[in-house]
Amino acid sequence: QVQLVESGGGLVQAGGSLRLSCAASLASGSIFSINAMGWYRQAPGKQRELVAVFIIGGSTRYADSVKGRFTISRDNAKNTVYLQMNSLKPEDTAVYYCNSDLVSGSYRTVYWGQGTQVTVSS
């Protein structure tokens with residue numbers, strides 16, 4: 001129903017910045033619409049955790065560990081969500097996954113991107 005294309009990952013020193021992007025493309029004729037988009041991350045040996053979400057309508061939520069450093073935003077015309085990451089720390093190193101929450105009436109489903117690696121050096 002939807003294709004998520006992520007980009008923007010890379011290697012950066014502590015204190016630096018990166019901007020991730022996730023472009024969502026709905027299948028032609030899809031009955032679903034995007035309710036929310038967000039970013040998760042997973043470090044080696046750890047479970048995937050929520051980083052930030054953008055609820056269509058304008059509200060946002062952040063993990064406590066990234067509040068004040070990360071900002072999620074959306075370009076409505078392009079169906080693209082961005083994650084601006086500032087003051088990066090080594091503990092931010094992980095694979096970052098884009099997430100799309102789709103709805104159609106009372107139905108709800110979730111799709112994931114393939115992930116992009118973010119590495120923060122000391």
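## Pairing of strands E7 and E8

In this predicted model, strand E8 (residues 80–85) pairs with strand E7 in the antiparallel sense, and six bridges join the two. Within this pairing, Arg74 has Val81 of E8 as its opposite residue.

The two strands, E7 and E8, make up a hairpin, with four residues lying between them. One residue of the turn, Asn79, has a positive phi of about 50 degrees.

## The two faces of strand E7

Strand E7 covers residues 70–75, and its side chains alternate in direction. Phe70, Ile72 and Arg74 point to one face and are buried. Thr71, Ser73 and Asp75 point to the other face and are not buried. Such a pattern is a general one: side chains in a regular strand alternate between the two faces of the sheet.

Arg74 thus appears in both descriptions: it is among the buried residues of E7, and it stands opposite Val81.

## The disulfide

The model contains one disulfide. Cys22 and Cys98 form this link, with their sulfur atoms 1.9 Å apart. The angle about the S-S bond is -85 degrees, and the link of Cys22 and Cys98 is left-handed. Because Cys22 lies in strand E3 (residues 18–26) and Cys98 in strand E9 (residues 94–104), the pair ties together parts that are 76 residues apart in sequence.

Cys22 counts as buried because its relative accessibility is 0%, where buried means under 20%. Cys98 is likewise buried, at a relative accessible area of 0%.

Methods
Residues numbered from 1 in each chain as written. Predicted model: local features only at pLDDT ≥ 70, side-chain atom pairs only at ≥ 80, totals over all residues. Heavy atoms only, no water. Buried < 20%, exposed > 50% of the residue type's maximum accessible area, 1.4 Å probe, protein only. Pairing = 2+ DSSP bridges. Disulfide = S-S within 2.5 Å.
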